[in-house]
Amino acid sequence: MDMNKRIHLELRNRTPSDVRELVLDNCRSPEGKIEGLTSEFVNLEFLSLINVGLMSVSNLPKLGKLKKLELSDNRISGGLDVLAEKLPNLTHLNLSGNKLKDISTLEPLKKLANLKSLDLFNCEVTNLNDYRDSVFKLLPQLTYLDGYDMEDREASDSDGEVDGDGVDDSENEEGEEEEDEDGEEETFDEESGEEESGEEVEGEEDDEEVSGEDEEEDVAQDGEVDDEEDDDDDDEDEAEAAKGEKRKRDPEDEDDDDDDEDDD
């Protein structure tokens with residue numbers, strides 16, 4: 001697939017100004033030059049052109065926000081002054097596997113004031129004596145050459161390596177930590193709320209049990225009072241019945257007394 005078609009495919013119905021990352025690896029560049037890429041990609045921060053057959057970057061448009069450029073495994077032998085002119089904010093440049101032979105071909109990169117990392121693996125220039133010392137002397141703004149600093153310390157992720165979407169890894173890590181902290185706080189609040197609601201429910205159940213016991217005691221007391229009142233009523237009924245029997249007996253006794261007097 002040629003570069004023009006690949007760019008159209010990568011847009012996915014977006015406008016060039018919406019694109020921050022553009023990967024065109026392994027497509028074909030007609031005549032060894034960049035085609036289809038325009039200055040309309042004003043927000044582009046990451047561009048990858050690995051193994052596309054480039055011999056020159058002369059057709060590179062001005063991309064003021066581009067930070068990382070991947071040009072490895074091509075046939076570039078010079079003409080790097082275009083990079084300094086068109087990519088003023090470039091911080092990472094990978095030229096590994098190209099046909100760069102002399103230190104002098106790197107001299108235009110001195111104008112890239114923000115350049116921090118340069119990779120030249122598998123370029124003939126790396127076989128020169130004092131290669132590393134010469135490059136660091138030529139490009140004092142560099143922090144890392146082929147992944148190591150002047151003291152042979154390896155570059156780490158915390159050094160602000162720009163990832164594919166143009167966002168620093170350190171910023172992503174900080175954002176994830178903040179999200180984790182927020183998530184833990186929310187979880188803690190939810191658990192606390194559940195505990196409090198559970199305690200409230202238990203308290204309500206206890207109150208209901210207490211009120212139920214009080215009602216049972218009141219009912220029991222009422223029952224005892226009713227029983228006592230019933231007992232009093234029974235006693236009164238018995239007393240009245242006894243009086244009635246006595247009245248019945250009294251007239252008979254009087255009749256008996258009258259009979260006795262007549263006999264006399």
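Biologist: What makes Lys-110 and Glu-107 a salt bridge?

Modeller: Bear in mind that we're looking at a predicted model. In it, the N to O distance between the side chains of Lys-110 and Glu-107 is 3.5 Å. The cut-off for a Lys or Arg nitrogen and a carboxyl oxygen is within 4 Å, so the pair counts as a salt bridge. In general, side chains of opposite charge can pair when their charged atoms come close.

Biologist: Is Lys-110 called buried, exposed or partly exposed, and why?

Modeller: Its relative accessible area is 42%. Buried means under 20% and exposed means over 50%, so Lys-110, at 42%, ends up as partly exposed. Glu-107 has 40%, which puts this partner in the partly exposed class too.

Biologist: Where in the chain is Lys-110, and which residue does its C-alpha pair with in your distance list?

Modeller: Lys-110 sits in the loop between S4 and S5. Its C-alpha is 8.1 Å from that of Ala-84, although the two are 26 residues apart along the chain.

Biologist: How many salt bridges are there by this rule?

Modeller: The count is 7. One of them joins Glu-10 to Arg-12, at 3.6 Å from N to O; with a limit of 4 Å, that pair qualifies. Arg-6, Glu-10 and Arg-12 are linked in a network of salt bridges.

Biologist: Why do Glu-10 and Arg-12 get opposite labels for accessibility?

Modeller: Glu-10 has a relative accessible area of 14%, under the 20% limit, so it is buried. Arg-12 has 54%, over the 50% limit, so it is exposed.

Biologist: What makes Glu-70 and Lys-68 a salt bridge, and are they buried or exposed?

Modeller: The side chains of Glu-70 and Lys-68 meet at 3.8 Å from N to O, which is within 4 Å and therefore passes. Both Glu-70 and Lys-68 are buried.

Biologist: Which residues make up the patch of positive charge on the surface, and what makes them positive?

Modeller: Arg-28, Arg-75, Lys-99 and Lys-101 gather there. Lys and Arg count as positive, so each of these four residues fits the label.

Biologist: How do you know that Arg-75 has enough accessible area for a patch?

Modeller: Patch residues need over 30% relative accessible area; Arg-75 has 45%, so it clears that bar. The same 45% makes it partly exposed, as it lies between the 20% and 50% limits. Arg-75 belongs to the loop between strand S3 (68-70) and helix H2 (81-86).

Biologist: How is the sheet put together, and what makes a strand an edge strand?

Modeller: The sheet is open, with 6 strands in the order S1-S2-S3-S4-S5-S6 and parallel pairing. Strand S1 (21-23) and strand S6 (144-145) each pair on one side only, and that is what makes them the edge strands. Generally, strands of a sheet pair through backbone hydrogen bonds, either parallel or antiparallel.

Biologist: How do you know that S4 and S5 pair?

Modeller: Pairing takes at least two bridges, and 3 bridges join S4 (residues 92-94) to S5 (residues 117-119), so these strands pair. Asn-94 stands opposite Asp-119 in S5.

Biologist: How many helices and strands does the protein chain have, and in what order do they run?

Modeller: There are 4 helices and 6 strands. From the N terminus on, they run α-β-β-β-α-β-β-α-β-α.

Biologist: Why is Leu-44 called buried?

Modeller: Its relative accessible area is 0%, and buried means under 20%, so the label follows. Leu-44 lies in the loop between S1 and strand S2 (46-48), and its C-alpha is 5.8 Å from that of Val-19, 25 residues away along the chain. Across the 264 residues of the protein chain, buried residues make up 30%.

Biologist: What makes the phi of Glu-31 worth pointing out?

Modeller: Most residues other than glycine have a negative phi. Glu-31 is not glycine, yet its phi is positive, near 60 degrees. It's found in the loop between S1 and S2, and at 65% it counts as exposed because the limit is over 50%.

Biologist: And what about the phi of Asp-130?

Modeller: Asp-130 has a positive phi of about 55 degrees although it is not a glycine. It lies in the loop between S5 and helix H3 (131-138). With a relative accessible area of 54%, over the 50% limit, Asp-130 is therefore exposed.

Notes: Residues numbered from 1 in each chain as written. Predicted model: local features only at pLDDT ≥ 70, side-chain atom pairs only at ≥ 80, totals over all residues. Heavy atoms only, no water. Patch = residues over 30% accessible without salt bridge, like charges linked within 9 Å, V, L, I, M, F, W, Y side chains within 5 Å. Areas by Shrake-Rupley, 256 points an atom, 1.4 Å probe, with all protein chains shown as cover. Charge placed at Lys NZ, Arg CZ, Asp CG, Glu CD. Buried < 20%, exposed > 50% of the residue type's maximum accessible area, 1.4 Å probe, protein only.
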